[in-house]
Amino acid sequence: MLRMFGTTALAIAFLTACTPDDPVASSPTVATPVTSDATAVSRADVGVLLNTERAKNGLPPLSPNPKLAAAARAHAQDMARSGFFDHVGSDKSKPSQRVRAQGYSYCFVAENIAQGWKTPEQVMQGWMDSPGHRRNNLSSKPSEYGAARAEGDYWVLVFGRSGC
């Protein structure tokens, strides 16, 4: 029982959700390249799992967007490389700035991050068990997503709606 509590507390400590209303510092960001094919597989799996959860809740699927994926990848790799876990990048960028830096013009953006989960199924379950993450996953505001996983099991899922 104590071990289960400790594992649950640790998992909760490594999940955070961010929406456009969350206050975060700002500055420009630079994207970094994908470093392995395993990252591409994880992104695809996260998207399938995300859209499965949305379908279970009567919501339309989100489309993958390469600009949102690049923003997610850049942030996941930044956290892994710099050894931190936060919605604010090492350059003080926030999610909205990271997607803008990739050329994505948005009217809505939100971000889920996680660290330590080993599989797409585990990270999606963790996000669905967390009220803030679940709210982002099941929001009617986004139409697209981008997902990435970096070494050290840093996960980033970015939601967006362009234009509007």
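**Note on the disulfide and salt bridges**

1. E53, with a relative accessibility of 15%, counts as buried. This is a predicted model, and in it the side chain of E53 meets that of K56 in a salt bridge, at 3.3 Å from N to O. Both residues belong to helix α2 (residues 37-56), where they sit 3 residues apart, about one turn of the helix. K56, in contrast to its buried partner, is exposed at 59% relative accessibility.

2. A search of the whole structure returns 5 salt bridges, and one of them joins K118 to D153, with the closest N and O atoms 2.8 Å apart. This pair connects distant parts of the chain, since K118 lies in the loop between β3 and α5 (120-129) and D153 in the loop between β4 (144-150) and β5, 35 residues apart. K118 is exposed, with a relative accessible area of 53%, whereas D153 is buried at 9% relative accessibility.

3. D153 also meets R149 in a salt bridge, at 2.4 Å from N to O, and here both partners are buried. K118, R149 and D153 are thus linked in a network of salt bridges.

4. The structure contains 1 disulfide, formed by C107 and C164, whose sulfur atoms are 1.6 Å apart. C107 lies in strand β3 (residues 106-115) and C164 in the segment after β5 (154-162), so the disulfide ties together parts that are 57 residues apart in sequence. As for accessibility, C107 counts as partly exposed at 38%, while C164 counts as exposed at 72%.

Note on methods: Residues are numbered from 1 along each chain as its sequence is written. This is a predicted model: local features need pLDDT of at least 70, side-chain atom pairs count only at pLDDT 80 or more; totals for chains, interfaces and linings use all residues. Side-chain values use heavy atoms; hydrogens and water are left out. A disulfide is a pair of cysteine sulfur atoms within 2.5 Å. Helices (H or I, at least four residues) and strands (E, at least two) are DSSP runs, numbered from the N terminus. Buried means under 20% relative accessible area, exposed over 50%, partly exposed in between (1.4 Å probe, protein chains only). A salt bridge is a side-chain nitrogen of Lys or Arg within 4 Å of a carboxyl oxygen of Asp or Glu.
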